[in-house]
Amino acid sequence: MLEDYKKKYTKPVLQHAILDFNGNVVESDNTLFQDLKDKYIGDIHPFFETFSALLISEDNETVFSCVHLEIENRNITADIILQTFKDGKNPLLIIHDLTSHYLNYQSTAQVRNESVINSQILELKNIYLKEKEVFKNRFIANFSHELRDPLTGILTFTDILSKTNLDLQQKDYIKILHSSSNFLKKMIDDILDISKIESGNLELSIEPFNLLDLLNEIKFNYKLKAEHKGLKFLHSFDEKLPEIIGGDAKRLRQVLTNLLDNAIKFTSNGSVTFNVSLNQIRAQKASIHFEIIDTGIGIEEEKLEEIFTSFSQVSGDDSIKGTGLGLAIVKHLVEHTKSKISVSSTPGKGSTFSTNINFVSKPSLKVKKDKKKQSQLTTSKKYNILLVEDSEITQLSVLKILASQGQFFLDIATKPDEVLARISNIDNEVDLVLMDIKLKEFRGDEIAKKIRKLPERHQKKVPIVAMTAKVFKEDLSLYKKAGINDVLTKPFNESQLLDIISKNLK
Amino acid sequence: MKISKKIVLLGHFGVGKSSLIRRFVENTFSEDYKVTIGVHIFKKNVSIPEKGTDVSLVLWDLEGNDDISNTRLSYLIGTHAFIYVYDVSRPATYKNLESELEFLKEKQKNTPITVVGNKEDLVTKTYLKQNVDDFGSLTDLYVSAKTGHKVDFLFSKLAEALI
């Protein structure tokens, strides 16, 4: 009875067949396949075509694992064993059906391989995206740089023009010129900031500054701006706020003014509220809460994340100007302080942006006072300024600004030899060099190095001020190494130029 | 007499060995990736008019492996030619190309190897030129199982060379 059960319920997994040395099946037990006998093995399945070379009279076992076969309309995955013998006995073929075993193995391999391939593809995508990002940032940096010279010209001559005799209409035109060029400058600054942030080149300083002064100044400016647009400007500054804290005042101002600009821009009725309060002071850290509330157009919930993305403007209103970088910069700057910015909004009712930023609560250094009117030189001496610059616009801008002061003689050099010859002329000493960095034929920092190597002791120490748009950390370090004393960022206006000259003159 | 040639396709997993064979044998292509385990064997007759004959190509589609030394050596017995396939878009599949080919040459001294960069439809011609140091100098042909580009050419030229 057991034998009957075995025959009925045991699924055969092995087939044995005897072959002759020509590859014909001479005997088969017909367990898996019924019709092999008397067939040439190569005709049963192309897999067996290579057997002819193995059918020799030697003791040998050849195992082929995991072979997929389709024979007699049946698909199996089997291990195939060919056993040959040296005494002339016929070769033995064993087909071991392991279909279910290999099916499990296939599922495991599928999951593993897919996961490996996906992670490799993801890695490649990341590399590609990084390369794209580097290219984009380099392009933006170079492009913005090229815009700086003409913009310096526009800003300077707008200033100069505004000081001439103009009628009322002309004064109005100048105001428009002035605000448009300042807007353009702000956009270029934003683009440069975002490229600096995204390329990891942004570093925040920790300097002591007067928080209350900064907040009051912002309040004053934005109250005017809001009221000019017919909006109420409300504010609340916590009495417990520390006066002096340590942090990056310039970047804090940038965060707050971007948020306030944004609030005013998207609000046509109602109010803009600016609240600042002290969260806590603990372990030399002051956590300060900033909140900007508007009653503007608001943002739909699904677009809340998008607003912090570079070049994103979700309002859909083309009449609202901007690069779409303001909030992206805010988010990056806040995150640089290891804080987060949050936003809640109701479309049609308004938005609230808030963040807690940590500062040093008791900075040890004293607050640097702004030196107002630094540009006024107290002596009546006339100074020789050497301008190394090949942009005619910048040459003319500097010339006009310095000529208007009546205190400077200006020489212009555009070639390295001219610069070195002028500096070496000890009969007519140069008091300060204004040095462009990226000239068409040479680099200003390279010339600075040569000046510092000159033999004349007093001339080789002439103050050198770089004029450039390239002010990333590595650029500044390069200028310092070249012996450059100070850097004037392009585009600059009249007072910035005069300030830096005055600061660096002996 | 019928001429039959065994051609073994090797290379990393996911490089498109099965897809190349399917494109050649059935002229079909599927975006779905199905892992090959062990070996699948296919057969296709190729006529060589220049030589007035037909060749029966027996194509062994081997399980992909990221290290060729893990290949089951019994699969290589009686091979007339190898096609080593890599994926031009995935560096992991060609980063050890030179040593993988050395291994094959060592195991089967006189068996010709054709090196094929598959998925050329995913990259630009400039990309292929830029990567000449990585795989360009060792590659015989860039193909695409997806578009069919140069697939028939690959097998028919190989068949012709094997007669």
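In this predicted model, A:Asn73 sits in the loop that links strand S3 (60-71) to strand S4 (74-84) of chain A. The backbone of A:Asn73 has a positive phi of about 60°, although the residue is not a glycine. Most residues other than glycine have a negative phi, and most peptide bonds are trans. A:Asn73 has 5 other C-beta atoms within 10 Å, and because 12 or fewer is the criterion, this residue is exposed.

A positive phi is also found at A:Asp38, where the value is near 70° and the residue is again not a glycine. A:Asp38 belongs to the loop between strand S2 (25-28) and helix H2 (41-44) of chain A. With 10 C-beta neighbours inside 10 Å, A:Asp38 counts as exposed.

These two loops belong to a chain of 506 residues, of which 30% count as buried. Chain A contains 13 helices and 17 strands. Where contacts in chain A join residues at least 6 apart in sequence, 65% of them link residues at least 24 apart.

The next element to consider is a pair of helices. Helix H3 (residues 99-162) and helix H4 (residues 168-198) of chain A pack with their axes 9 Å apart, at an angle of about 155°. An angle over 145 degrees counts as roughly antiparallel, and H3(A) and H4(A) are therefore roughly antiparallel to each other. The crossing of H3(A) past H4(A) is left-handed. On the side of H3(A), the residues that meet H4(A) include A:Glu133, A:Ile140, A:Leu147, A:Leu151, A:Ile154 and A:Leu161. On the side of H4(A), the partners include A:Ile174, A:Leu177, A:Leu184, A:Lys185, A:Ile188 and A:Glu198. Taken by type, the residues of this contact between H3(A) and H4(A) comprise 13 nonpolar, seven polar and three charged.

Further along chain A lies an open sheet of five strands, in the order S14-S13-S15-S16-S17, with parallel pairing. Its edge strands are S14 (408-413) and S17 (486-489) of chain A, each of which pairs on one side only. Neighbouring strands of this sheet are turned by 25° against each other on average, direction ignored. Strands of a sheet pair through backbone hydrogen bonds, either parallel or antiparallel. Within this sheet, strand S13 (residues 383-388) of chain A pairs with S14(A) in the parallel sense over six bridges. A:Ile385 stands opposite A:Leu410 in S14(A).

Helix H13 (residues 494-504) of chain A lies across four of the named strands, namely S13, strand S15 (432-436), strand S16 (464-468) and S17 of chain A. The helix runs at about 175° to S17(A). The loop between S17 and H13 of chain A holds A:Pro491. A cis peptide bond, with omega of about -5°, joins A:Lys490 and A:Pro491.

Within helix H13 of chain A is A:Leu498. A:Leu498 has 22 other C-beta atoms within 10 Å, and because 20 or more is the criterion, this residue is buried. The C-alpha atom of A:Leu498 is separated by 9.7 Å from that of A:Val398, although the two residues are 100 residues apart along the chain.

Another buried position is A:Ala448, in helix H10 (residues 444-452) of chain A. A:Ala448 is buried, with 24 other C-beta atoms within 10 Å. With neighbours within four places in sequence set aside, A:Ala448 is in contact with A:Met435, A:Ile464, A:Ala482, A:Gly483 and A:Ile484. Of these, A:Met435 is 13 residues from A:Ala448 in sequence, and their C-alpha atoms are 8.2 Å apart in space.

The model also includes an interface between two chains. At this interface, 20 residues of chain B are in contact with 23 residues of chain A. On the side of chain B that touches chain A, strand S1 (3-10) and strand S2 (39-48) of chain B each supply at least two residues. The largest share of that side, four residues, comes from S2(B). By type, the residues of chain B on this side divide into 10 nonpolar, six polar and four charged.

Notes. Residues are numbered from 1 along each chain as its sequence is written. Chains are lettered from A and ligands numbered from 1 in the order in which they are written. This is a predicted model: local features need pLDDT of at least 70, side-chain atom pairs count only at pLDDT 80 or more; totals for chains, interfaces and linings use all residues. Axes are lines fitted to C-alpha atoms, for helices over the stretch in contact, and angles run from 0 to 180 degrees between N-to-C directions. Angles under 35 degrees count as roughly parallel, over 145 as roughly antiparallel, 65 to 115 as roughly perpendicular and the rest as oblique. A crossing is left-handed if the near helix is turned anticlockwise from the far one by less than a right angle, and right-handed if clockwise. Two residues are in contact if their C-beta atoms, placed from the backbone, lie within 7 Å. Ala, Val, Leu, Ile, Met, Phe, Trp, Tyr, Cys and Pro count as nonpolar, Asp, Glu, Lys and Arg as charged, and the others, Gly among them, as polar. Two strands pair if DSSP finds at least two bridges between them.
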